[in-house]
Amino acid sequence: MSDGATAPAPAAAVVYCIDEHRVAAFYAALGALSPVESLDGDFVTLESAHLQLSFVRVPPEVAIAFPLADPVQRRSETRVKVVLPVLHLAAARAAAPALGGSVDEVGREWEFRDGRHMDAVDPEGNVVSLREPL
């Protein structure tokens, strides 16, 4: 960073979804992210000091190709997986079902680099890796 430059913006990702408010609520609760911007029927943006996630509603003609199931079904054919920092995996495991998602069974956790990880599924079936610090 050169003299007079401002700090860079946090890392960011976009999640395309059918119900941006429901999906954003899942990530906000598990990842302690705060809402910073939203346009009803279009997008919701959440942020922490190091991460910004935007949840963008897909057009109805695209949504038809991704029917939602109850209970939520894992949709793992995408090539990208968001890694969401959490304080405690146990708390995330307890909270996810009430938020419309699910988590992998106990024992499916692993250590990698700076954290303990487990996979979860958001309310629309997107797989997200939850990471607590070691």
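**View 1. Surroundings of Tyr27 in the predicted model.** Leaving aside residues up to four places away in sequence, Tyr27 touches Ala32, Leu33, Leu46, Leu53, Phe55, Leu84, Asp122, Asn126 and Val128. The structure shown here is a predicted model, and in it Tyr27 has a relative accessible area of 1%, so this residue counts as buried, a term that applies under 20%.

**View 2. The largest nonpolar core.** This core has 24 residues, of which Tyr27, Leu46, Leu53, Phe55, Leu84, Val128 and Leu130 touch the most other members. At least two core residues are supplied by each of the following elements: strand S1 (11-17), helix H1 (20-31), strand S3 (43-47), strand S4 (51-57), strand S5 (82-85), helix H3 (89-95), strand S8 (115-121) and strand S9 (127-133). Helix H1 gives the largest share of the core, with 6 residues.

**View 3. Aromatic rings around Tyr27.** A pair of aromatic rings is described by the distance of the centres and the angle of the planes. The structure holds 2 aromatic pairs. In one of them, Phe26 and Tyr27 meet edge-to-face, with 5.5 Å centre to centre and 75 degrees between the planes, and both of these residues are buried. Tyr27 and Phe55 also form an aromatic pair, which is tilted, with 5.0 Å centre to centre and 45 degrees between the planes. Because Tyr27 belongs to helix H1 and Phe55 to strand S4, this pair ties together parts that lie 28 residues apart in sequence. Phe55 is buried, with a relative accessible area of 0%. Through these ring pairs, Phe26, Tyr27 and Phe55 are linked into a cluster.

**View 4. The open sheet and helix H1.** The open sheet shown in this view is formed by 4 strands in the order S1-S4-S3-S2, and their pairing is mixed. Strands S1 and S2 (34-39) stand at the edges and have a single partner strand each, so one side of each is left without a neighbour in the sheet. On average, and with direction ignored, neighbouring strands of this sheet are turned by 15 degrees against each other. Helix H1 packs on the sheet, where it touches S1, S2, S3 and S4, and the direction of H1 makes about 10 degrees with that of S3.

**View 5. Strand S3 and its two pairings in the sheet.** Strands S3 and S4 pair in the antiparallel sense over 5 bridges, and Thr45 stands opposite Ser54 in S4. Strands S2 and S3 likewise run antiparallel and are joined by 5 bridges, with Leu46 in S3 as the bridge partner of Pro35. The hairpin of S2 and S3 has 3 residues between the strands, and in this hairpin Gly41 takes a positive phi near 80 degrees.

**View 6. Arg93 and its contacts.** Arg93 has its place in helix H3, and with a relative accessibility of 17% this arginine counts as buried. The side chain of Arg93 reaches the backbone oxygen of Asp104 at 2.5 Å. When residues up to four places away in sequence are not counted, Arg93 touches Val103, Asp104, Glu105, Val106, Glu109 and Met118.

Terms used. Residues numbered from 1 in each chain as written. Predicted model: local features only at pLDDT ≥ 70, side-chain atom pairs only at ≥ 80, totals over all residues. Heavy atoms only, no water. Core = buried A, V, L, I, M, F, W, Y, C linked by side-chain atoms within 4.5 Å. Buried < 20%, exposed > 50% of the residue type's maximum accessible area, 1.4 Å probe, protein only. Contact = heavy atoms within 4.5 Å. Phe/Tyr/Trp six-rings, centres within 6.5 Å; stacked < 30°, edge-to-face > 60°. Pairing = 2+ DSSP bridges. Axes fitted to C-alpha atoms, helices over the stretch in contact; angles between N-to-C directions. Polar contact = N/O pair within 3.5 Å; in protein donor to acceptor, adjacent residues only side chain to side chain.
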